[in-house]
Amino acid sequence: MTRTGEGVRIFHGPRGAPQGALRRFVGKTDRQAQASLDRCKELLIAVTHWIPPRDARPARVEDWKARTPEWFVRACAPVPAEEELRAGRALDEAGKAHHRAEQPWTFADWIGWFDHSSGRQRSWRWWDGGIDDDSDFWIDVEVVELPTEAGALTWMMRAAGARNVVEAGSRDR
């Protein structure tokens, strides 16, 4: 059983109207659309169900990993050496990591978007998801604040099996 509105939408689909704008992201797979979508759902349920309260002590990365599906932990990049870190991403003034789209994220970089103690926060929430055919799956997200940082979403989709992910645009409510 899930304890978040986002989790309910993952299991049962959207109910009512979104609070924010909807954006659609489409993942292209090697004929594994349903499996990739199911992995995205599994991952978000696991992570959003366990988010520690804001007033709790910060969770350790190892605690997050223990509650995260093993396939995702394995898909994440190892923690890079300092010189690779500087070459692979640049930190902007807000401290957000901007990754090259084709590169895997480290687990710590990805989970930071879900951990309240990291100072980062996702600006999107799962709204709906589905498949178009055996190769393409889509995820609609509700954007709750601007600007929207969707890198955590696109990395999740790629780790789940998408060869590439594109934004299909905003969706009417």
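Which residue of strand 5 is the bridge partner of Ile 131? The partner is Phe 137. The structure is a predicted model, in which local features require pLDDT of at least 70 and side-chain atom pairs count only at pLDDT 80 or more, while totals for chains, interfaces and linings use all residues. Residues are numbered from 1 along each chain as its sequence is written, and side-chain values use heavy atoms, with hydrogens and water left out. Helices (H or I, at least four residues) and strands (E, at least two) are DSSP runs, numbered from the N terminus.

**Strands 4 and 5**

- Strand 4 (residues 124–131) and strand 5 (residues 136–143) run antiparallel and are joined by 7 bridges; two strands pair if DSSP finds at least two bridges between them.
- The two strands, 4 and 5, form a hairpin with 4 residues between them.
- Of the 8 residues in strand 4, 6 are buried (under 20% relative accessible area; exposed is over 50% and partly exposed lies in between, with a 1.4 Å probe and protein chains only).

**Helices 2 and 7**

- Helix 2 (residues 33–50) has 18 residues, which at 1.5 Å a residue should span 26 Å, and its end C-alpha atoms are 26 Å apart, in agreement; the expected span is 1.5 Å times one less than the number of residues.
- The buried residues of helix 2 include Leu 37, Cys 40, Leu 43, Leu 44 and Val 47.
- Helix 7 (residues 151–159) is mostly covered, with 8 of its 9 residues buried; among them are Trp 155, Met 156, Met 157 and Arg 158.
- Gly 161, which follows helix 7, has a positive phi near 135°.

**Salt bridges**

- The whole structure contains 9 salt bridges, each defined as a side-chain nitrogen of Lys or Arg within 4 Å of a carboxyl oxygen of Asp or Glu.
- Arg 122 pairs with Glu 6, their closest N and O atoms being 2.9 Å apart. Arg 122 lies in the loop between helix 6 (107–111) and strand 4, and Glu 6 in helix 1 (residues 5–12), so this salt bridge ties together parts 116 residues apart in sequence. Arg 122 is buried at 4% relative accessible area, and Glu 6 is buried at 6%.
- Arg 24 and Asp 140 meet in a salt bridge at 2.6 Å, N to O. This pair links strand 1 (residues 21–28) to strand 5 across 116 residues, and both Arg 24 and Asp 140 are buried.
- Lys 28 forms a salt bridge with Asp 136, with the closest N and O atoms 3.0 Å apart. Lys 28 lies in strand 1 and Asp 136 in strand 5, so the pair connects parts that are 108 residues apart in sequence. Lys 28 is partly exposed at 33% relative accessible area, whereas Asp 136 is buried at 12%.
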